[in-house]
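This report describes one protein structure in plain terms. It goes through a few side-chain pairs and then turns to the chain as a whole.

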Amino acid sequence: KNHAKAEIWQAKAEFDAAAKGLETVSADMIRIAAGTDNNAVQEQFKKFGPACGACHSKFRAPLQ
């Protein structure tokens, strides 16, 4: 059981692009967090909301 919408399969390329975007944001965070610049980490963290939302807003049904 999951909360995936059928739109995932109807717009697979868009879903894959959104997933790749999250992967990129995550990889960048790993690289940035290995450094010592806390401001850079905070700025990178702000990118997670939009990256997650790219999938959740269109491809995930509300949790019940």
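K20 and E23 both sit in helix α2, three residues apart, which is about one turn of the helix. Helices here are DSSP runs of H or I with at least four residues, strands are runs of E with at least two, and both are numbered from the N terminus. The side chains of K20 and E23 meet in a salt bridge, at 3.1 Å from N to O. A salt bridge is a side-chain nitrogen of Lys or Arg within 4 Å of a carboxyl oxygen of Asp or Glu. Side chains of opposite charge can pair when their charged atoms come close.

The model is predicted: local features need pLDDT of at least 70, side-chain atom pairs count only at pLDDT 80 or more, and totals for chains, interfaces and linings use all residues. Residues are numbered from 1 along each chain as its sequence is written, and side-chain values use heavy atoms, with hydrogens and water left out.

**Salt bridges**

How many salt bridges does a search of the whole structure find? The search finds five. The table gives three of the pairs, including the one already described.

| Pair | Closest N and O atoms |
|---|---|
| E14 and K58 | 2.9 Å |
| K20 and E23 | 3.1 Å |
| K46 and E43 | 2.9 Å |

E14 and K58 form a salt bridge with their closest N and O atoms 2.9 Å apart. This pair links distant parts of the chain, since E14 belongs to helix α2 (residues 12-33) and K58 to helix α4, 44 residues apart.

Accessibility can be stated for each of these side chains' residues. Buried means under 20% relative accessible area, exposed means over 50%, and partly exposed lies in between, with a 1.4 Å probe and protein chains only. E14 counts as partly exposed because its relative accessibility is 40%, and K58 counts as partly exposed at 34%. K20, at 47%, is partly exposed, and E23, at 48%, is partly exposed. For the pair of K46 and E43, K46 is exposed because its relative accessible area is 54%, whereas E43 is partly exposed at 46%.

**Aromatic pairs**

A search of the whole structure finds two aromatic pairs. The rings of F15 and F59 have their centres 5.4 Å apart and their planes at 85°, so this pair is edge-to-face. F15 is in helix α2 and F59 in helix α4, 44 residues apart, and the pair links distant parts of the chain. F15 counts as partly exposed at 22% relative accessibility, while F59 is buried, with a relative accessible area of 3%. The rings of F45 and F48 have their centres 6.1 Å apart and their planes at 45°, so this pair is tilted. F45 is exposed, with a relative accessible area of 58%. Rings of Phe, Tyr and Trp (its six-membered ring) pair if their centres lie within 6.5 Å; planes under 30 degrees apart count as stacked, over 60 as edge-to-face and the rest as tilted.

**Q44 and H56**

Is Q44 buried or exposed? Q44 is buried, because its relative accessible area is 4%. Q44 lies in helix α3 (residues 38-45). Leaving aside residues up to four places away in sequence, Q44 touches V25, D28, M29 and I32, where contact means heavy atoms within 4.5 Å.

H56 lies in helix α4 (residues 48-59) and counts as partly exposed at 41% relative accessibility. The side chains of H56 and R60 are joined by a polar contact of 3.1 Å. A polar contact is a pair of N or O atoms within 3.5 Å; within protein, one must be able to donate a hydrogen and the other to accept it, and residues adjacent in sequence count only if both atoms are side-chain atoms. H56 and N39 are 17 residues apart in sequence, and their C-alpha atoms are 27 Å apart in space.

**The whole chain**

The protein chain has four helices and zero strands, in the pattern α-α-α-α along the sequence. Its C-alpha trace spans about 40 × 25 × 20 Å along its principal axes. Of the 64 residues of the protein chain, 17% count as buried. Among contacts between residues at least 6 apart in sequence, 66% join residues at least 24 apart.
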